[in-house]
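Work through the exercises below with the structure in view. Try each task before reading its solution.

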Amino acid sequence: VTTSSEVPPGRFPLCEIGEYLAGDACVQCSPGKVSVPGEGDNLGTCQATPVGKRAPDHGMTASTALLCEKGTSSTGGASAACPSCQPGTYASEVGQSACQHCMPGTIADRQGMSECMLCELGMYQDQSDADHCRPCLGGLTTRGKGMRSNASCVCHSGSFQPCLDKACTTSGQQPHCQPCPVGMECKGPEDSPWAMVTEASDEHRR
């Protein structure tokens with residue numbers, strides 16, 4: 001986009017902010033570029049957009065370039081727009097140069113997330129950069145949200161896990177919970193990793 005009027009030969013026009021001299025005319029930098037003022041005989045150039053910013057319009061400068069929004073980032077370069085963070089990553093602040101990784105126990109299930117979400121009850125995630133949580137098998141639940149391992153999967157109150165510790169894994173059985181036997185007390189997930197079966201007290205027998 002040429003903005004200068006015709007000037008006499010041998011003379012240079014005074015370019016506006018956001019422009020640079022191309023030949024004998026002032027030209028606005030294109031989207032994705034920013035103008036940088038020159039010094040001395042250097043009459044300015046268009047350069048890459050700064051890190052964490054975008055230049056969506058003609059004639060932008062480093063100071064007028066826009067910060068990347070939350071959920072996006074930019075490493076600079078020809079950035080007319082800031083790419084959205086991919087699933088499994090997030091950007092919680094504006095002007096980010098890179099998206100951050102979701103840690104185990106959390107996920108980002110879509111593009112453009114500004115924060116990671118905790119895995120819900122009965123779910124866990126033991127990997128970083130995840131876009132989904134893994135369900136506990138056999139009807140197991142968890143003590144809380146944001147669990148990082150299947151070792152956090154436990155039986156509900158009133159039920160118990162018949163194969164304790166790693167017995168299910170070594171025997172090839174699928175983990176599952178069974179109703180608490182008559183006359184017994186099965187404590188809930190707040191008490192132990194696998195709900196334990198103990199003889200019920202007189203109060204529980206009534």
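**Exercise 1. The chain as a whole**

How many helices and strands does the secondary structure of the chain come to?

Solution. This is a predicted model, in which local features need pLDDT of at least 70 and side-chain atom pairs count only at pLDDT 80 or more, while totals for chains, interfaces and linings use all residues. Residues are numbered from 1 along each chain as its sequence is written, and side-chain values use heavy atoms, with hydrogens and water left out.

Step 1. Helices (H or I, at least four residues) and strands (E, at least two) are DSSP runs, numbered from the N terminus. The chain has 2 helices and 18 strands.

Step 2. Take burial next: buried means under 20% relative accessible area, exposed over 50%, and partly exposed in between (1.4 Å probe, protein chains only). Of the 206 residues in the chain, 33% are buried.

Step 3. For contacts, the criterion is heavy atoms within 4.5 Å. Among contacts between residues at least 6 apart in sequence, 40% join residues at least 24 apart.

**Exercise 2. The surroundings of Arg54**

Find the element that holds Arg54, then decide whether Arg54 is buried or exposed.

Solution.

Step 1. Strand β5, residues 53–54, contains Arg54.

Step 2. The relative accessibility of Arg54 is 16%, so Arg54 counts as buried.

Step 3. Leave aside the neighbours of Arg54 within four places in sequence; the contacts of Arg54 are then Thr49, Ala65, Leu66, Leu67, Glu69, Ser79, Ala80, Ala81 and Cys82.

Step 4. Two of these partners can be examined by distance. The C-alpha atoms of Arg54 and Leu67 are separated by 6.3 Å, with the two residues 13 apart along the chain. The side chains of Arg54 and Glu69 are joined by a polar contact of 2.7 Å. A polar contact is a pair of N or O atoms within 3.5 Å; within protein, one must be able to donate a hydrogen and the other to accept it, and residues adjacent in sequence count only if both atoms are side-chain atoms.

**Exercise 3. A disulfide with a partly exposed end**

How many disulfides does a search of the whole structure find? Describe the one between Cys29 and Cys46.

Solution.

Step 1. The search finds 6 disulfides, each a pair of cysteine sulfur atoms within 2.5 Å.

Step 2. In the disulfide of Cys29 and Cys46, the sulfur atoms are 1.8 Å apart. The pair links distant parts of the chain, 17 residues apart: Cys29 is in the loop between β2 (25–28) and β3 (33–36), and Cys46 is in strand β4 (residues 45–48).

Step 3. The torsion about the S-S bond is about -105°, so this disulfide is left-handed.

Step 4. Cys29, at 0% relative accessibility, is buried, whereas Cys46, at 26%, is partly exposed.

**Exercise 4. Two further disulfides**

Which residue does a disulfide join to Cys68, and which forms one with Cys136?

Solution.

Step 1. Cys68 is joined to Cys82, S to S 2.0 Å. Both lie in the loop between β6 (66–67) and β7 (89–90), 14 residues apart. Cys68 is buried at 0% relative accessibility, and Cys82 is buried at 10%.

Step 2. Cys136 pairs with Cys153, their sulfur atoms 2.0 Å apart. Cys136 lies in the loop between β12 (134–135) and β13 (141–142) and Cys153 in strand β14 (residues 153–154), so the pair ties together parts 17 residues apart in sequence. Cys136 and Cys153 are buried.

Step 3. The S-S torsion is about -75° for Cys68 and Cys82, so that disulfide is left-handed. For Cys136 and Cys153 the torsion is about -75°, so their disulfide is left-handed.
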